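Please work through the exercises below with the sequence and the model at hand. Each task is followed by a solution in steps.

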Amino acid sequence: MNKPLPNSIAAMDAAHQIHPHTNLRRHLETGPNELLVRGQGIQVFDETGKGYIEGAAALWCSSLGFGNERLAEVAKQAITDLGYYHNFRGSGTPQAAQLCSKLADIAPEGMDKVLLQSSGTEANDTALKLVWYYWDAMGEPKRRKIISRHEGYHGTGTLTSCLTGKTKFHEGYGLPFSDFHYVTMPYYYRKAEPGESEQQFSTRLAEEIEALILREGPETIAAFWAEPVLGSGGAITPPEGYFEKVQAVLDKYGVLFVVDEVICGFARTGEMWGSQTYNLKPDLICCAKALSAAVIPISAVIVGPRVFEGMMQQSDRRGSFTHGYTYSGHPVACAVAHEVLTIYEEMDLVTHVKSLEPTFLAGFKALEDHPLVGNIDGIGLIGALEIVADKDTRAMHDPALQIMPMLDRLTREHGLITRLIGNRIALAPPQIITQPEVEEMFARLKNALDNAVNNINA
Ligand SMILES: Cc1ncc(COP(=O)(O)O)c(C=O)c1O
């Protein structure tokens, strides 16, 4: 990457913007990868006019693609009408009430209470407080411990970093706090023992959770936290029987189940909720991202009857529910999210994703025999392929060869942005994608993989 020109936008960025998830020293030197200035449909365009299919819907979130005038009009109207009001001390706006009602309509059965927030991190952080609030209400305040999975991702706030099971997100911050425990991720391709079936692997992982609960004492375990499909952990679908067996353990010990649907919500996995795809029984659901098609920050915790009953008891005992942010229930964000849910209804989002799933999965299947690909995985409109040096031993390439950065560069050259996670290339395109666009996305990916083989062999 060349040094950015003085006075260019890139130079301003390099000099002044601290970027998340970026090597900061390198960024000072190189500036941004590219500056994206415009979007249309599933494509984004950089300042030179080059278009890219956003194969990862940016951060798994731009469900309706880019550059949406209808949503802009709704935001403009909401700003013109009121602009801002809060929802503290019983105040309200029509936009927040209407959004909560619409979200309750599509939430899994029995879950009809909604607590609005502004990001996935906030939703998870709030859900954690609700878990502790619930156990306090039940007279079991010792239930503080949380179980999540290695490589699970639930945000980077102080507490949500502790829910996140990636050690990289703990190091340097003195985290995690005590009370956070991690179990094996359900990653059959790499974590199963030789000869172990998916069902056997799932049994072993459920037993691991039960052993942890018994070791720590069931009376200390508050909740289990999981994404239906591990997103930032690699776009990894659970093995057969996994959630059924885990759910049975949670039920046995009365442990709350918090399902992080920040990526999986809104038909990403083929049903409206990942919880429905995998038949989960969540006590709390965290959602964000596609709730507003990511055009404005908003998230929600959907509260099930068990936890809501605890919250009612707290109101009886303590009065006010002492939690809330200035921007939770922001009327402009609520108006936009409401319009997004209306668009989902109009396009029959679930049916649309289901109709594309075979083409999407066939795209991965066609790459399974590619010399660089060790494993493919996917459901709905989320999936990944794993790059290996040796298909039989599953050995990875020497990191010094920089295969993944090379693949990132090559896919971009072919006009495709993907999400790289370790040695996996994940795809989760905007849900508005069409069948020819899915095919074009995989054609670009294949070209990049073929170029990479040529480069490796050169
Ligand atoms: C599953 C999951 N939970 C939580 C978060 C955090 O959301 P945010 O970045 O909006 O705080 C993310 C972000 O990618 C996520 O993928």
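**Exercise 1.** Determine in which sense strand 3 and strand 13 pair, and over how many bridges.

*Solution.* Strand 3 (residues 51–54) and strand 13 pair in the parallel sense, over 2 bridges; two strands count as paired if DSSP finds at least two bridges between them. Strands here are DSSP runs (E, at least two residues) and helices are runs of H or I of at least four residues, numbered from the N terminus. In strand 13, L416 is the bridge partner of I53. The model is predicted: local features need pLDDT of at least 70, side-chain atom pairs count only at pLDDT 80 or more, and totals for chains, interfaces and linings use all residues. Residues are numbered from 1 along each chain as its sequence is written, and side-chain values use heavy atoms, with hydrogens and water left out.

**Exercise 2.** State the strand order of the open sheet formed by 4 strands, and explain why one side of strand 1 and of strand 13 is left without a neighbour.

*Solution.* The order is 1-2-3-13, with mixed pairing. Strand 1 (36–40) and strand 13 (416–417) stand at the edges with a single partner strand each, so one side of each has no neighbour in the sheet.

**Exercise 3.** Identify the strand that is joined to strand 4, and decide whether strand 4 is mostly covered or not.

*Solution.* Strand 4 (residues 113–117) is joined by 5 bridges to strand 10 (residues 299–303), and the two run antiparallel. L116 has A300 as its bridge partner in strand 10. Of the 5 residues of strand 4, 4 are buried, that is, under 20% relative accessible area (exposed is over 50%, partly exposed in between; 1.4 Å probe, protein chains only).
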